[in-house]
Amino acid sequence: MGYYTFVGLIIFIVSLSTAMFVYFKGPRKKINIYYSLFSVAVAVYGFGFYTQALAKTPAQEIIAIRIILLGTIFIPIFFLLSVYALLDEKISFAIICSIYSTGIIFTFINFFTSHFAQNPIPKLGFSYLFQAGPLYPLIAIEYAIGLWISLYKTFRSYQISAGIKRNQLKYLFWAGLIGFTGGSVGFALGYNVNLYPLNPFSSYCVPFAIIIIAYAIVRHQLLEIEVIIRKTLVFASLFAIVFGIFVGITLALQQFIVGGGLLGLAISSIIIIFAVRPLEDFLTRVTDKYLFQRKYDYKQILRSFIDEVITELNLDRIINSTIELLDKTLHPAATAMLLLNKYEDRYMSYKTTGYGRDIALGSSSKIATLLKATKEIFPVHQFEKYVNPTDELKREMEGLNAELAIPLMLHNDLIGIMILGKKKSDEEYTKEDLDILTDLARTEAIAVGNAQLFAEAAQNERRAAIGTLAAGINHEVGNPLNIINTKMQVYLMSLDGGLYKNKKTDEIINESKDIMNTCLKQTARISDITKKLSNFARPSKEFKPELTDIEEQIDDTLSVVGHELELERIEIKKNIQKPLSRISADKRQIQQIFFNIIKNAAQAIKEKGTIEIRAYAGSENNSDNIVIEIADSGDGIPEDKLEMIYEPFYTTKEAGKGTGLGLSIVRQLVWRNKGDIKVRSKVGEGTTFVLTFPKAA
Amino acid sequence: MPKVKIAVVDDEIEFVNDLAKGLELLGYEVYKAASGSHAIEVINRNKPEVVLCDYKLDDIDGIQVVSRTKPNNPKTVYIMVTAYYDESLADTFKKAGASEVVYKPIQITELDNTIKKVLDNIKQGNPR
């Protein structure tokens with residue numbers, strides 16, 4: 001007996017909530033309306049089942065069986081209509097008429113005659129159970145006809161359709177077959193046959209089928225098994241709780257009030273309606289947390305990623321790691337990172353996955369326009385929410401297989417668009433996902449903006465360095481050229497002036513030899529400096545440590561930068577301990593370090609001043625270190641600003657003099673060469689940078 | 001007509017020697033200096049009409065040579081020699097008292113013309 005109560009309740013609750021769910025997923029869609037009506041019919045049937053199990057008198061049983069039959073009459077009707085709607089088939093007026101008139105006539109017979117069910121007697125373990133009336137088989141026939149037409153139509157269309165539709169129909173067919181077969185076992189009760197244990201357990205097929213079909217209708221693609229397990233678990237727990245509340249209240253009320261069962265049903269229904277959503281959210285979270293740890297963790301991963309990416313200045317790395325992370329956590333079928341190209345006025349793909357091609361969006365495309373206006377993530381399935389959803393917007397999104405369009409907003413400018421396709425699992429993006437993606441996008445925008453600025457600044461820095469190099473070239477190459485040039489002019493002038501006329505051959509040869517030797521010496525000087533300069537100017541992408549002599553590197557750097565400093569009336573003092581052990585480092589990077597620090601020092605000096613470069617072995621705490629100090633007599637740095645000098649873009653220089661990149665690069669280079677950099681400074685006295693590198697082993 | 005006295009100042013001794021030889025061929029009397037302090041001494045002692053002074057010297061720069069010798073030698077004209085093409089630097093030289101700026105590498109015949117032009121200007125009472 002208890003089993004029937006239970007089955008009835010399950011069918012009732014599941015069907016009713018499915019009806020509501022399907023309806024609210026698409027209140028204007030025909031298929032959703034018919035399918036929710038179908039679910040309501042099943043719910044009525046389930047409710048009848050429940051009252052039947054509780055019926056204590058023949059009168060109660062008559063009411064119960066009439067409720068059951070009411071549901072049973074309309075189940076095939078609305079199922080058939082659902083199938084027509086899903087197949088998008090027009091139904092002829094005649095069929096409509098016959099379907100509805102069958103429903104109306106049968107309902108009339110059911111409630112006003114006893115031709116369907118009559119004379120309840122105690123049997124099959126029930127207090128009272130109806131007996132089949134003479135017209136009872138009509139219902140079974142209607143049920144069978146409705147069922148078979150529906151399934152036949154479904155199966156035929158299944159064979160000829162493709163893609164999502166095919167999947168939907170497959171689910172519909174199998175679930176329909178299982179559900180209806182399970183449900184049909186109940187008919188036998190009318191003829192005093194209880195097909196135990198098929199009855200009542202086969203009735204569980206009904207809610208099962210209902211959920212599956214609802215799912216197939218509402219979703220456009222079908223889930224991975226993991227998701228189904230999760231949903232089922234959530235549902236089972238939800239049901240257990242709901243049922244607990246229900247039974248508790250009903251039993252309690254039954255004790256004290258006549259008809260308390262129905263009152264209990266009403267009260268608990270109200271409670272359940274309000275409690276179901278928050279409960280489901282809670283259960284989903286708990287299930288995620290304990291059973292799908294990996295899925296739950298991704299939220300943490302995303303959050304820590306946000307912290308990381310904000311400090312990254314390399315655009316490539318930012319975008320690669322972002323896409324990698326999204327791939328790893330949300331498993332989108334496709335991702336694209338579009339960044340604004342100001343010259344082309346388009347959002348062009350910086351990187352994509354799952355597209356196999358470059359994609360781009362005009363800056364006045366519907367997506368870009370919408371994102372600029374809303375500044376929010378645009379999920380394609382929330383189309384209806386937007387006041388004027390144009391077909392074009394939808395087409396753009398579909399053209400990109402986009403499920404989410406995420407704006408990268410920086411100072412009210414849309415600097416980029418992230419496109420995410422559907423999740424591979426076909427789960428919807430949850431509100432939580434969207435919240436995290438919103439955070440991520442906000443950070444991403446700042447990081448991308450910074451990186452773009454950084455790249456621009458690095459470009460300027462390179463240009464400034466080239467200026468310095470040009471000055472160096474001018475001096476180092478210009479002087480020897482000047483010597484050669486003058487020598488040759490004077491030689492020719494002497495020839496023209498007849499100076500060589502009276503000289504002996506030996507004398508002339510010796511003089512010419514001198515001239516040639518001087519010229520050779522000067523050309524050697526030129527080629528030496530060009531070698532140094534090209535070595536200095538080459539970008540140091542790869543890291544090549546070798547035995548490096550500090551003094552040599554200082555001299556080489558000074559040969560490039562020194563003349564410019566002297567032009568600015570800065571005196572350079574060099575104080576280097578001899579002999580000094582070598583260090584293991586990348587020579588070019590060491591030169592860049594010296595170059596940047598010395599340039600900074602020079603810029604800190606307003607009028608005249610000195611830069612002193614000291615190098616010696618051993619520091620306070622480590623005698624295996626080489627210490628290089630570069631001290632300027634400049635303005636000094638206030639104590640509260642000392643912390644900030646290594647930050648990219650921090651600068652105290654007047655506009656145009658420095659981009660502020662130097663020291664952040666310097667520190668990275670020092671660290672890469674296993675060294676350390678410290679700074680002491682006093683306002684008005686000057687600044688000293690202290691570099692330490694381990695001695696080469 | 002006495003020879004025009006010229007002081008050549010540059011820290012590249014090779015260049016000083018060659019330029020001096022060239023200018024002598026053109027009929028000038030040349031005094032040589034290879035550093036700033038040496039130049040001050042040479043200028044004060046010989047009172048040349050023209051000083052050809054390199055800007056970048058090992059000890060003090062060319063501007064200082066001008067500023068330290070000009071008060072004692074009001075009639076001397078200074079021609080600054082430099083390898084740097086930099087208009088603001090040229091302005092600095094002129095402010096410091098140089099009449100002309102010539103750039104390395106030097107073309108001796110052009111230099112000769114410049115010297116003559118500067119001296120003509122002086123004769124006409126127009127130092128610049």
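## Chain B at a glance

Helices and strands here are DSSP runs, numbered from the N terminus, with at least four residues for a helix and at least two for a strand. With that in hand, chain B of this predicted model is easy to read along its sequence: the pattern goes β-α-β-α-β-α-β-α-β-α. That comes to five helices and five strands.

Chain B has 128 residues, and 41% of them count as buried. Now take the contacts in chain B between residues at least 6 apart in sequence: 60% of these join residues at least 24 apart.

## How confident is the prediction?

For chain B, the mean pLDDT is 88, and 96% of the residues reach 70 or more. Among the elements of the chain, strand β1(B), residues 5-9, has the highest mean pLDDT, at 96. The lowest, 84, belongs to helix α4(B), residues 87-96. The model as a whole scores ipTM 0.87 and pTM 0.44. A word of caution for any model like this: where pLDDT is low, the predicted coordinates should not be read in detail.

## Two hairpins in chain A

Over in chain A, strand β3(A) (residues 335-341) runs antiparallel to strand β4(A) (residues 346-353), and seven bridges join them. One spot to look at is A:Asn341, which stands opposite A:Arg346 in β4(A). The two strands form a hairpin with four residues between them, and A:Asp345 in the turn has a positive phi of about 55 degrees.

Keep following the chain and β4(A) pairs again, this time with strand β5(A) (residues 360-362), antiparallel and through three bridges. Here A:Tyr347 has A:Leu361 as its bridge partner in β5(A). This hairpin has six residues between its strands, and the turn includes A:Gly354, whose phi is positive at about 80 degrees.

## A five-stranded sheet and its helix

Further along chain A there's an open sheet of five strands with mixed pairing, in the order β10-β12-β13-β15-β14. Which strands stand at the edges? They are β10(A) (570-576) and β14(A) (676-682); each has a single partner strand, so one side of each is left without a neighbour in the sheet. On average, neighbouring strands of this sheet are turned by 15 degrees against each other, ignoring direction.

Within the sheet, β13(A) (residues 625-632) and β15(A) (residues 686-694) pair in the antiparallel sense over seven bridges. A:Val627, for instance, has A:Thr692 in β15(A) as its bridge partner. Helix α18(A), residues 587-604, packs on the sheet and touches β10, β12 (609-617), β13 and β15 of chain A. The direction of α18(A) makes about 25 degrees with that of β13(A).

## A helix pair, and one arginine

Two packed helices are described by the angle between their axes and the distance between the axes. For α3(A) (residues 58-87) and α4(A) (residues 93-112), these are about 175 degrees and 10 Å. Angles over 145 degrees count as roughly antiparallel, so α3(A) is roughly antiparallel to α4(A). On the α3(A) side, the contact includes A:Leu69, A:Ile73 and A:Phe74, while α4(A) brings residues including A:Ile99, A:Gly103 and A:Phe106. The residues of this contact divide into nine nonpolar, three polar and one charged.

Finally, have a look at A:Arg317, which lies in helix α12(A), residues 315-329. Is A:Arg317 buried or partly exposed? It is partly exposed, because 13 other C-beta atoms lie within 10 Å, whereas being buried takes 20 or more. The C-alpha atoms of A:Arg317 and A:Ala451 are separated by 9.8 Å, though the two residues are 134 apart along the chain.

How values were computed: Residues are numbered from 1 along each chain as its sequence is written. Chains are lettered from A and ligands numbered from 1 in the order in which they are written. This is a predicted model: local features need pLDDT of at least 70, side-chain atom pairs count only at pLDDT 80 or more; totals for chains, interfaces and linings use all residues. A residue is buried if 20 or more other C-beta atoms lie within 10 Å of its own, exposed if 12 or fewer, and partly exposed in between; C-beta atoms are placed from the backbone. Two residues are in contact if their C-beta atoms, placed from the backbone, lie within 7 Å. Two strands pair if DSSP finds at least two bridges between them. Axes are lines fitted to C-alpha atoms, for helices over the stretch in contact, and angles run from 0 to 180 degrees between N-to-C directions. Angles under 35 degrees count as roughly parallel, over 145 as roughly antiparallel, 65 to 115 as roughly perpendicular and the rest as oblique. Ala, Val, Leu, Ile, Met, Phe, Trp, Tyr, Cys and Pro count as nonpolar, Asp, Glu, Lys and Arg as charged, and the others, Gly among them, as polar. pLDDT is the predictor's confidence in each residue, from 0 to 100.
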